[in-house]
Amino acid sequence: MKHYDVIIVGSGPSGIFAALELLKNVQNIKILIIEKGKDIDKRICPMKTRKISCAACPECALLSGWGGAGAYSDGKLTLSPHIGGSLVKYIGIDSLESMISAADMTYMNYGAPDKLYGANENEIATISRLAAEHDLMFIPSKIRHIGTDRCITVLRKIKKSLDGNADILFNAEAERVLTSKKKVNGIRLKNGEKFSADHVILAPGREGSRWLEREARRLHLTLLKNPVDIGVRVEIPASVFEPLTKITYEPKLIFHSRTFNDRVRTFCVNPYGEVVKEYLKGIWTVNGHSYANSRTSNTNFALLVSTFFTEPFDEPILYGTYIAGLANLLGKGVIVQRLGDLHRGRRSTPERIAQGDVHPTLKDATPGDLSFVLPYRYLSDILEMIEAIDKIAPGVNSDHTLLYGAEVKFYSMLPKLSESLETEIVNLFAVGDGAGVSRGLIQASVSGTIAAREIGRRLE
Ligand SMILES: Cc1cc2nc3c(=O)[nH]c(=O)nc-3n(C[C@H](O)[C@H](O)[C@H](O)COP(=O)(O)OP(=O)(O)OC[C@H]3O[C@@H](n4cnc5c(N)ncnc54)[C@H](O)[C@@H]3O)c2cc1C
């Protein structure tokens, strides 16, 4: 059996940054990266070229492979310790801020652009004041936008720098974490092949979160609860959000709804971008992209409500799947509705959508009625927040605004982790979105670095 100092499962940003950090700190280190998807240039979604159902792919080319979900993400690096993860809980604000800067620098070294949004303090203060006047909390953050197209180039360059310095296995799915006496000692693949290692970093992303949860249960690790985020994707003319997006690129706004006192937030704002469908383990949900080198005339963003279930029900993933499944059942996929139709209690039809001023960038969403999909509580929260945002960006609450549903964000069950993201099994680390500690590129990248630094110290 081949032996490694460190095995990394998953080649998304968290796994990649773990490898980069280990190579920087430990001489002659032997690293194996195991990835169930394909190398970056072989990640081709068959839907782009042929009429084929997503269910036909054993691994989703958009979410799996070199770069993970990050490869086809919008590539917005959100440089705030308060956004995109919970690492502040593990390493404190000062360390996190400095590690975010270092990760940002690494992305720039590999080709991320210089331009930084949200750096002008006066403009940011103006947005904060305006938001506060209308019951919205604005979370300022500097943002670097790589863009989906440029992400691929950055990832190619990183891969090139790792070639020859780490073994990378593609189309290789980790099936079992091997342990003995509460200490990790390797990984077994689905095809039965085994590799031994002194340290293992699990970085399987959302795509592999259920696998990680299953392994955590089998290994009797303590699991902590996470919420599920449910909502819609809003699409408006880009000019409506331009006063905000030209300053901050991604306005992060939080609102506490009047009726239910729920926390509603904007998420993943894509100026001049497009709405896309996402296929996750049997269901269609919505998401958004924007490109560095091409533009649409619309901006889209998600409005999400987080729900923590207590007892007797504690299956947030099942609940989110059920809501998205309802949209799929009624709309044979994603549903799109004009806000004006929703207000008037009627479904949208292809004719009503065609008459609207906002032309949908997602062409195969089905015009329908989201009030049959989203529970009253979520709809009411979302409509109240749209009214509030309209005060700082007039035009958002227009009849022509499009709502796509359902957008659902699942978070993994969180394994109990130490400050260096080590599980209760010695030398077994869990990082990134799959471990529930991040929800974005920057904190995912930093989480890999945290685990790698600790392993580096132990190897020294
Ligand atoms: C459409 C979209 C747009 C996004 N836009 C942004 C954005 O603009 N800004 C931002 O900050 N974030 C964005 N995100 C989120 C961001 O992509 C993720 O937070 C980030 O990629 C998480 O990194 P990760 O390393 O934890 O996991 P991932 O990137 O998901 O990578 C995990 C990898 O592990 C592999 N894997 C899983 N299980 C196994 C197994 N058992 N064996 C072997 N390999 C396995 C998977 O195939 C995958 O390649 C977006 C996500 C999506 C889907």
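Half of the protein is buried: 50% of its 460 residues fall in that class. The model is predicted. The protein has 11 helices and 21 strands, and a ligand is surrounded by 42 residues. Helix H11 supplies residues to the ligand shell, packs with helix H1 and holds the buried residue Val446.

**Overall fold**

- The C-alpha trace of the protein spans about 65 × 50 × 45 Å along its principal axes.
- The radius of gyration is 22 Å, which agrees with a compact globule, because a globule of 460 residues would have a value near 23 Å.
- Among contacts with a separation of 6 or more, 76% join residues that are 24 or more positions apart.

**Ligand surroundings**

- Of the 42 residues around the ligand, those that come nearest are Gly12, Gly68, Gly205, Gly208 and Gly432.
- Sorted by class, the shell around the ligand holds 21 polar, 12 nonpolar and 9 charged residues.
- At least two residues of this shell come from each of helix H1 (13–25), strand E3 (76–78) and helix H11 (441–459).

**Packing of H1 with H11**

- The axes of H1 and H11 are 7 Å apart, and the two helices pack at an angle of about 35°.
- The crossing of H1 and H11 is right-handed.
- On the H1 side, the contact is made by Pro13, Ser14, Gly15, Ile16, Phe17, Ala18, Glu21, Leu22 and Asn25.
- On the H11 side, the contributing residues are Leu441, Ala444, Ser445, Ser447, Gly448, Thr449, Ala451, Ala452, Arg453, Ile455 and Gly456.
- The contact of H1 with H11 comprises 10 nonpolar, 8 polar and 2 charged residues.

**Val446**

- Val446 lies in helix H11.
- Val446 counts as buried because 30 C-beta neighbours lie inside 10 Å, where the class requires 20 or more.
- Beyond its neighbours within four places in sequence, Val446 is in contact with Leu87, Leu96, Met99, Ile100 and Ala103.
- Between Val446 and Ala354 the C-alpha to C-alpha distance is 44 Å, and the two are 92 residues apart in sequence.

Terms used: Residues are numbered from 1 along each chain as its sequence is written. This is a predicted model: local features need pLDDT of at least 70, side-chain atom pairs count only at pLDDT 80 or more; totals for chains, interfaces and linings use all residues. A residue is near a molecule or strand if its C-beta atom, placed from the backbone, lies within 6 Å of it. Helices (H or I, at least four residues) and strands (E, at least two) are DSSP runs, numbered from the N terminus. Ala, Val, Leu, Ile, Met, Phe, Trp, Tyr, Cys and Pro count as nonpolar, Asp, Glu, Lys and Arg as charged, and the others, Gly among them, as polar. The radius of gyration is taken over C-alpha atoms; the globule rule is 2.2 Å times the number of residues to the power 0.38. A residue is buried if 20 or more other C-beta atoms lie within 10 Å of its own, exposed if 12 or fewer, and partly exposed in between; C-beta atoms are placed from the backbone. Two residues are in contact if their C-beta atoms, placed from the backbone, lie within 7 Å. Axes are lines fitted to C-alpha atoms, for helices over the stretch in contact, and angles run from 0 to 180 degrees between N-to-C directions. A crossing is left-handed if the near helix is turned anticlockwise from the far one by less than a right angle, and right-handed if clockwise.
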